[in-house]
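Trainee: I am new to this structure. Please take a close look at its sheet and go through it strand by strand.

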Amino acid sequence: MGVIREHTQAIDGIAYTTQTMPASDGLKILPRLVALLGDSLTGLFFATSEEDRDKLLENPKVLGAMISEISRAAAEDDGLLVLRDMLKSTSADLVRVGDAEIPASVHTHFDQHFAGRYRHLLEVCLWVGRVNFTNP
Amino acid sequence: MGWPRKFHEPLTRKAIPSWPRAATGGGRHKGIQPPNVPWDLFVACANGDGIDAVTFQALHTSIDLDGLYDLIEMSDAAESWKSAAIMNTNETRGNG
């Protein structure tokens, strides 16, 4: 960590690639992310290991708290757009573009690629967040 | 790489919040804080005599958030060595 690097991860059978954000971008994204999720929830999700995080997401109470936090923040401003903005340097091998699935930027095709797949969106954003804002 | 960091640390951690006071001698006269530049970027780029444009550019292109805090940590440590050297010199001269 320290300089920008490329990371890859398979999520639900799709191979994602992302680059860590430059520091100036990270400084812009981080406060918006915490405003969206709340400090405790963000810390909880990004500091938790992948296996434990899956268990957390299966817990109705945690999922409920998360949805509640996100809804509250999203109602106040364009909070949800931070999820799209944080995927600026992220691409995948199977991105929905029209009727096809091709290698492309998920930021460019955000609406179509994640339509109806909000849990998948959350998983991708959690991974990008962990790559950028934690120091495992 | 310094101490272990938590996710929310970049938001809450201000490595050298007293730096402007120290830089101006601790008196009632204060300089301005940069209103349009994130404080962390400013601290990482200020080298005492001016601004390091190369570092500023790198923080927009090739250095990530973790690297930014490494830079601040190193700068903070270097400043502390200067202060310690001055205090040690004063003590040696019997002024401490």
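Mentor: What follows describes the sheet and the helix that lies across it. This is a predicted model, in which local features need pLDDT of at least 70 and side-chain atom pairs count only at pLDDT 80 or more, while totals for chains, interfaces and linings use all residues. Residues are numbered from 1 along each chain as its sequence is written, and chains are lettered from A and ligands numbered from 1 in the order in which they are written.

The sheet is open and has 4 strands in the order β1-β2-β3-β4 (chain A), with antiparallel pairing. Strands (E, at least two residues) and helices (H or I, at least four residues) are DSSP runs, numbered from the N terminus; two strands pair if DSSP finds at least two bridges between them. At the edges are β1 and β4 (100–105) of chain A, each of which pairs on one side only. On average, neighbouring strands are turned by 30° against each other, direction ignored; axes are lines fitted to C-alpha atoms, for helices over the stretch in contact, and angles run from 0 to 180 degrees between N-to-C directions.

Strand β1 (residues 6–11) of chain A is joined to β2 (residues 14–19) of chain A by 6 bridges, and A:E6 stands opposite A:Q19. These two strands form a hairpin with 2 residues between them. In its turn, A:D12 has a positive phi of about 50°.

On to the next pair: β2(A) and β3 (residues 90–97) of chain A run antiparallel, joined by 3 bridges. Here A:T18 has A:T90 as its bridge partner, and A:Y16 stands opposite A:A92.

Finally, helix α7 (residues 118–133) of chain A lies across β1, β2 and β3 of chain A, at about 150° to β1(A). Contact between two residues requires their C-beta atoms, placed from the backbone, to lie within 7 Å.
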